[in-house]
Amino acid sequence: MAPQLAWIGLGNMGRGMCKNLVEKGDLDKPLIIFNRTTKRATDLQAKLPKDKSIVVEELGEAVAKADIIFTCLGDDQAITDTLSTAVKGNVKGKLFVDCSTVHPDTTNKLAKTVEEHGAHFVACPVFGAPAMAEGGQLVCVLAGQKSLVEKVKPYCKGVMGRAEIDFSDQAPGKATHLKIIGNTFVLNMVETLSEGHALAEKSGLGSENLHNFIETMFPGPYTAYSGRLMGGDYYKRDEPLFGVDLARKDAKHALSLANACGVKMRDVEVADAHLAYVQQVQGSKGDIASIYGAVRQESGLKYEN
C-alpha cells in the first residue's frame with residue numbers, strides 16, 4: 001500500500017516543494033498539508049489540482065494520519081518545537097523527513113528525539129532558490145539509514161529536485177553540515193558581486209560592463225544575482241527570496257562550525273557584518289542580496305541604486 005504523505009511548513013521553499021510533490025509525486029492519496037498560519041495552506045491548496053490535497057488545522061492531526069511527514073521550517077527553534085510536539089502522539093513506525101536548514105547538531109538531536117519515540121528520521125535539506133523550488137530544480141541532500149533514504153528518493157529527483165546527493169548510512173547531521181557550508185558559497189558570491197558592482201560604478205567601468213563579463217564567465221547563479229543587484233530587486237521586495245534573518249542564521253552556524261575546529265572564515269564574517277547592517281535598514285524584509293546596499297553605503301554610494 002502506498003504511504004500517506006503530509007507536508008508541514010509553507011515558507012518560500014516549502015510552497016514550491018509541496019506543489020511539486022502534489023503535481024509530480026504520483027501520490028495515490030491527497031497530500032495532507034499543515035501550516036501554522038492556515039490561510040497560507042488554503043491559499044496554496046486553491047492553486048493545486050482539485051482533490052489532491054487536504055488542509056488540516058492541527059499539527060497532531062497531520063502527523064496522526066500520515067506515514068511519511070515532510071517538514072520544512074525556518075530555523076532550529078521552529079523545527080525543534082514542531083517535532084517535540086509531533087512526537088507526543090503515537091508515531092511508532094512513521095518516517096519524518098526534515099528539509100530545514102539547521103545546525104547539524106540540531107539535526108542529530110531531532111533524529112534522536114524521533115527515534116526515541118519509535119519513529120524514523122531522514123535529513124533532506126535542499127540547495128536552490130525559491131524559483132528552483134517552484135520549478136522542481138532543487139538539489140536534495142539525503143542522509144540517514146539507507147533503507148529509509150530509499151523511501152524518500154521517489155519524491156526527490158524528478159519531483160522536487162533535479163539531482164540528489166546521497167549520504168546513505170551517514171548520520172543525518174552530515175546533510176545539514178554540507179548545507180551550512182554550501183550556503184557560505186552563496187553568501188560569499190553575493191558579497192563578491194556586491195563589492196564588484198560598487199567598484200565598477202565608482203571607478204568608472206560601469207555596472208553594465210561588469211554584468212556583461214559575469215554573464216559570459218559565470219552563467220547561472222552569479223548572473224541571476226548580478227541582475228537582481230542591478231535591477232534594485234534587493235530593496236524593492238515586500239517578501240525576501242532569501243531573508244536576511246535566515247542568512248544570518250546560516251552564517252552563525254557556519255562560524256560556529258569553523259570556530260569549533262579552528263578555521264577562520266573571514267569572508268563570512270565580512271558578509272555577516274553587512275547583513276547586520278541590512279537588518280538595521282530593512283528589518284526582516286531584507287534579503288541576502290541586500291548586502292549590495294550595505295556595501296554601497298560604506299563605499300559612499302546611496303543604499304538604493
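This tour visits a pair of packed helices and then a cavity beside one of them.

The model is predicted, so that local features need pLDDT of at least 70 and side-chain atom pairs count only at pLDDT 80 or more, while totals for chains, interfaces and linings use all residues. Residues are numbered from 1 along each chain as its sequence is written, and side-chain values use heavy atoms, without hydrogens and water.

**First stop: two helices**

Select residues 244-260, helix α12, and residues 266-282, helix α13 (helices are DSSP runs of H or I, at least four residues, numbered from the N terminus). Their axes are 10 Å apart and the packing angle is about 150° (axes are lines fitted to C-alpha atoms over the stretch in contact, and angles run from 0 to 180 degrees between N-to-C directions). α12 and α13 are therefore roughly antiparallel (angles over 145 degrees).

Next, show the side chains at the contact (heavy atoms within 4.5 Å). From α12 come Val-244, Asp-245, Ala-247, Arg-248, Ala-251 and Leu-255; α13 supplies Val-268, Glu-269, Asp-272, Leu-275, Ala-276, Val-278 and Gln-279.

**Second stop: the cavity**

Select Asn-183, Thr-184, Leu-187, Phe-242, Ala-247, Asp-250, Ala-251 and Ile-288, which line the largest cavity (a set of points on a 1 Å grid over the protein atoms alone where a 1.4 Å probe fits but cannot get out; lining residues have an atom within 4 Å of a point). Helices α8 (173-203) and α12 each give two or more residues to this lining. The largest cavity holds about 30 Å³ of space (the volume filled by probe spheres set on the points, which are joined across faces, edges and corners).

Conventions:
Angles under 35 degrees count as roughly parallel, over 145 as roughly antiparallel, 65 to 115 as roughly perpendicular and the rest as oblique. On a 1 Å grid over the protein atoms alone, a cavity is a set of points where a 1.4 Å probe fits but cannot get out, and a pocket is an open set with protein on both sides within 12 Å along at least five of seven lines; lining residues have an atom within 4 Å of a point.
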